[in-house]
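The exercises below are meant for a reader who is meeting this structure for the first time. Please work through each task with the sequence and the model at hand before turning to its solution.

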Amino acid sequence: MATLTVPAAVPSVSEDCEQLRKAFEGWGTNENLIIDILGHRNAEQRNLIRKTYGETYGEDLLKALNKELTSDFERLVVLWTLDPAERDAHLANEATKRWTSSNQVLVEIACTRSANQLFHARQAYHARFKKSLEEDVAHHTTGDFRKLLLPLVSAYRYEGDEVNMSLAKTEAKLLHEKISDKAYSDDDVIRVFGTRSKAQINATLNHYKNEYGHDIIEDLEADPKDDFLALLRSTVKCLVYPEKYFEEVLRSAINKRGTDEGALTRVVSTRAEFDLKIIADEYQRRNSVPLTRAIVKDTHGDYEKMLLVLAGHEEA
């Protein structure tokens, strides 16, 4: 369930563009007006605003936002204004330029998006960066990381509900044997998680739990310091328990040691139109604090206001 709220009577696109232009003019930027408009428009409406703004004023709206806004607020608004496929392409490109921890972002994009969403993200990547996402992942990763990430970002999974229970039983046994032998990067392990539908993987892991008495995630906790094992755990969580995965990302981002604004921005901007309500419910269940209250406690200013709007709660 989405947390984005769109008014019943949305102003015309030309009116939105005119108001945004006014927000940029004068002695200071009217951040509240920008939040009021862009924070309450869906992806289709934002795309039309960008197109019309460019045609009307001869300036890319994203460039105007970059020029007028700063810091975490700027990044949140710009990421949000991007088309979802463009946004995923942008985040994936950033992730290919860093090592280890950013591989999780690639897993996140590859495994929590639908087959069509991932396909469109790859198309957007190709259009924006003049090369394929697969090419960059192959170039910037090595060894077991490349072995896992390449099939994940290249996947186009079947999305129906039909499952093969005989196959689930066979592959549950296979996964248990490989994991028991600590063969975490075995070709068959990667094949299962890299190609099977989410429904099929869910059936396999349910059989795994029923047959062996515990969740596969527990068996993948063997070495907390193993970066590849951590990435494999993220893969499983993103494929089967996305709301739990995102809750963990948010919990790590909002903590007593300081806020990870990058992770917080990424989750809110990518999930507000899809399932942030479910993620927020999981967050409150796990932490006994509403996500919006945690945001208020750990952020401030226009960044806080935009986060709250996208999270469905506008009162700081």
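A polar contact is a pair of N or O atoms within 3.5 Å, and within protein one of the two must be able to donate a hydrogen and the other to accept it. The model used throughout is a predicted one.

**Exercise 1.** Find where Thr-81 sits, decide whether Thr-81 is buried or exposed, and look for a polar partner of its side chain.

*Solution.* Begin with the helix: Thr-81 belongs to α5, which covers residues 71–81. Next, take the relative accessible area of Thr-81, which is 1%; because buried means under 20%, Thr-81 counts as buried. Then turn to the side chain of Thr-81, where a polar atom lies 2.6 Å from the backbone oxygen of Val-77. Finally, leaving aside residues up to four places away in sequence, list what Thr-81 touches: Leu-38, Arg-46, Arg-50, Leu-61, Leu-62 and Leu-65.

**Exercise 2.** Describe the second largest pocket by its volume, its lining and the elements that supply that lining.

*Solution.* The space in the second largest pocket comes to about 330 Å³. Its lining is made of 16 residues, and those closest to the centre are Leu-62, Val-78, Leu-82, His-90 and Arg-128. Two or more lining residues come from each of α4 (61–68), α5, α6 (84–96) and α8 (115–129), and α5 supplies the largest share, with four residues. Sorted by class, the lining holds seven nonpolar, two polar and seven charged residues.

**Exercise 3.** Work out why helix α20 (residues 301–310) is described as largely enclosed by the rest of the structure.

*Solution.* Count the buried residues to start with: seven of the ten residues of α20 are buried, so the helix is largely enclosed by the rest of the structure. The buried residues are Tyr-303, Glu-304, Met-306, Leu-307, Leu-308, Val-309 and Leu-310. Now ask what they pack against, and the answer is α2 (31–38), α5, α17 (261–271), α18 (276–287) and α19 (291–298). After α20 comes Gly-312, whose phi is positive, near 90°.

**Exercise 4.** Identify the residues with the most contacts inside the largest nonpolar core, and follow the neighbours of Leu-20.

*Solution.* The largest nonpolar core has 93 residues, and the ones with the most contacts inside it are Leu-20, Ile-34, Leu-65, Phe-193, Ile-216 and Leu-264. Helix α15 (residues 227–240) gives the most to this core, namely eight residues. Leu-20, again apart from residues up to four places away in sequence, touches Ile-34, Ile-37, Leu-38, Ile-49, Tyr-53 and Leu-61.

Notes
Residues are numbered from 1 along each chain as its sequence is written. This is a predicted model: local features need pLDDT of at least 70, side-chain atom pairs count only at pLDDT 80 or more; totals for chains, interfaces and linings use all residues. Side-chain values use heavy atoms; hydrogens and water are left out. A nonpolar core is a set of buried Ala, Val, Leu, Ile, Met, Phe, Trp, Tyr and Cys residues joined through side-chain atoms within 4.5 Å. Buried means under 20% relative accessible area, exposed over 50%, partly exposed in between (1.4 Å probe, protein chains only). Contact means heavy atoms within 4.5 Å. On a 1 Å grid over the protein atoms alone, a cavity is a set of points where a 1.4 Å probe fits but cannot get out, and a pocket is an open set with protein on both sides within 12 Å along at least five of seven lines; lining residues have an atom within 4 Å of a point. Grid points are joined across faces, edges and corners, and a volume is the space filled by probe spheres set on the points. Ala, Val, Leu, Ile, Met, Phe, Trp, Tyr, Cys and Pro count as nonpolar, Asp, Glu, Lys and Arg as charged, and the others, Gly among them, as polar.
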